[in-house]
Amino acid sequence: MAAGISVKRGLLSRRTWLFLAVHRHISASSVCLKRAENSAHKAARVNEKFCLDLVRSRDYDGFVSSLLLPVEARRSSLALRAFNVELAQVKDSVSQKSIGLMRMHFWKMAIEEIYRDDPPNQPVSAELWRAVRKHCLTKRWLLRIITEREKDLDDRAYRTLQELEKYSENTQSSLIYLLLECLGVTNIHADHAASHIGKAQGIVTCLRATPYHSGRRKVYLPMDICMLHGASQEDFIRGSREQNIRDVAYDIASQAHVHLQHARSFSHNVPEAAHLAFLQTVVLEDYLQRVRRADFDVFHPSLKKRNPLLPIQLYLRSWKKSY
């Protein structure tokens with residue numbers, strides 16, 4: 001009898017020990033899993049903040065526009081704009097074209113890895129991967145931006161206004177197509193509007209950056225327009241404010257305005273949701289109006305100041321659901 005009790009106690013002890021061992025293993029695994037989840041969540045927050053800070057410091061207008069998007073598209077918009085900033089700053093941040101080509105090659109490989117669900121351990125790549133998975137973003141638009149930025153490393157003026165428009169279509173318009181995808185918009189009229197808005201943005205950006213580039217002894221304005229008005233690159237480098245320089249600015253600004261008008265001709269057929277992807281028109285309008293008030297003098301001091309009312313204007317436009 002005593003022996004039977006001892007055997008039962010021994011079996012109970014072994015079962016208890018086994019139960020405790022399994023429990024400890026499960027508890028330890030749960031702790032490790034929880035720590036891994038916390039670590040992944042922390043890394044994601046760090047990546048998100050990196051993109052937000054990058055866009056806020058290098059593309060403030062795009063930053064404000066992104067904040068006005070619906071919550072489900074906001075983070076993806078910041079990822080796309082951070083990606084665009086990363087590519088845009090390559091040209092100005094490298095001393096040799098070969099280094100710039102290496103940077104572009106990295107981004108081409110990063111896009112391929114993102115679509116294989118194996119993004120590089122880099123903040124913008126990680127956030128871009130999240131955006132791609134969430135919205136099924138078109139790979140072609142991302143690669144087209146990189147390819148066009150890569151061609152632009154040649155560091156020369158655009159030969160014609162049409163060449164500048166093509167560059168703008170492949171970079172700025174492609175970015176807007178991706179923003180439309182983040183908003184869930186699939187509409188041919190919205191695509192046409194996006195094409196013209198992207199071209200207008202590229203043209204305005206080139207014109208707006210003229211004082212900065214001239215200070216570095218570089219001129220990228222279309223050569224055909226400059227030759228038409230007898231304006232040399234040296235005139236821009238010297239910061240000339242003569243009438244022929246203003247005429248160049250007038251022609252280029254007018255073409256941007258034409259694209260904005262074309263974009264608005266589709267407004268009646270564009271879904272309301274798409275209007276939020278077109279908020280950049282407020283920024284373009286603002287610059288075009290200010291350069292007109294300055295009599296198309298791109299070196300006028302007033303153009304160096306940021307419009308403090310721009311965030312309010314962007315908000316009002318988003319509220320009105322118009323572009």
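Helices here are DSSP runs of at least four residues (H or I), numbered from the N terminus. Everything in these close-ups comes from a predicted model.

**Close-up A. The largest pocket and the helices around it.**
Eight helices each give at least two residues to the lining of this pocket: α1 (2-58), α2 (60-67), α3 (71-88), α4 (90-93), α8 (161-182), α9 (188-208), α10 (210-215) and α14 (280-293). The biggest share comes from α9, which puts in seven residues. The pocket's volume is about 1,500 Å³, and 44 residues line it. If you want to find the middle, look for Arg-58, Ala-88, Thr-205, Arg-208 and Ala-209, which lie nearest the centre. As for character, the lining splits into 21 nonpolar, 10 polar and 13 charged residues.

**Close-up B. The largest cavity.**
Searching the whole structure turns up three cavities of 30 Å³ or more. The largest of them has a volume of about 110 Å³. Its lining is made by 15 residues, and Arg-81, Ile-176, Leu-179, Ala-277 and Gln-280 are the ones closest to the centre. Two elements, α3 and α8, give two or more residues each to this lining, with α8 giving the most, four residues. Sorted by type, the lining of the largest cavity has nine nonpolar residues, five polar ones and one charged.

**Close-up C. Ser-65 and its contacts.**
Ser-65 belongs to helix α2. Its relative accessibility is just 3%, so it counts as buried; the cut-off for buried is under 20%. Who does it touch, leaving aside neighbours within four places in sequence? The contacts are Arg-81, Leu-279, Gln-280 and Leu-314. Two of those names may ring a bell from the cavity view: Arg-81 and Gln-280 are among the residues closest to the centre of the largest cavity.

**Close-up D. Tyr-158 meets Tyr-167.**
There are seven aromatic pairs in the structure, and this is one of them: Tyr-158 with Tyr-167, a tilted pair. The ring centres are 5.7 Å apart, with 45° between the planes. Both partners are tucked away from the outside: Tyr-158 is buried at 8% relative accessible area, and Tyr-167 is buried at 10%.

**Close-up E. Tyr-250 and Phe-296, edge to face.**
This pair of rings has its centres 5.1 Å apart and its planes at 85°, so Tyr-250 and Phe-296 are edge-to-face. Tyr-250 lies in helix α13 and Phe-296 in the loop between α14 and α15 (310-320), so the pair ties together parts that are 46 residues apart in sequence. Helix α13 itself covers residues 243-264. Are the two residues buried or partly exposed? Tyr-250 has 43% relative accessibility and counts as partly exposed, while Phe-296, at 14%, counts as buried. Also in this view is Arg-292: its C-alpha is 8.1 Å from that of Tyr-250, although 42 residues separate the two in sequence.

**Close-up F. A ring cluster, and charges over rings.**
Phe-83, Phe-106 and Trp-107 are linked into a cluster by ring pairs. Elsewhere, arginines meet rings. The charged end of Arg-140 sits over the ring of Trp-141, 4.2 Å from the ring's centre. Over the face of Tyr-60 you'll find Arg-306, at 4.2 Å from the ring centre.

Technical notes
Residues are numbered from 1 along each chain as its sequence is written. This is a predicted model: local features need pLDDT of at least 70, side-chain atom pairs count only at pLDDT 80 or more; totals for chains, interfaces and linings use all residues. Side-chain values use heavy atoms; hydrogens and water are left out. On a 1 Å grid over the protein atoms alone, a cavity is a set of points where a 1.4 Å probe fits but cannot get out, and a pocket is an open set with protein on both sides within 12 Å along at least five of seven lines; lining residues have an atom within 4 Å of a point. Grid points are joined across faces, edges and corners, and a volume is the space filled by probe spheres set on the points. Ala, Val, Leu, Ile, Met, Phe, Trp, Tyr, Cys and Pro count as nonpolar, Asp, Glu, Lys and Arg as charged, and the others, Gly among them, as polar. Buried means under 20% relative accessible area, exposed over 50%, partly exposed in between (1.4 Å probe, protein chains only). Contact means heavy atoms within 4.5 Å. Rings of Phe, Tyr and Trp (its six-membered ring) pair if their centres lie within 6.5 Å; planes under 30 degrees apart count as stacked, over 60 as edge-to-face and the rest as tilted. A charge sits over a ring if NZ of Lys or CZ of Arg is within 6 Å of the ring centre and within 35 degrees of the ring normal.
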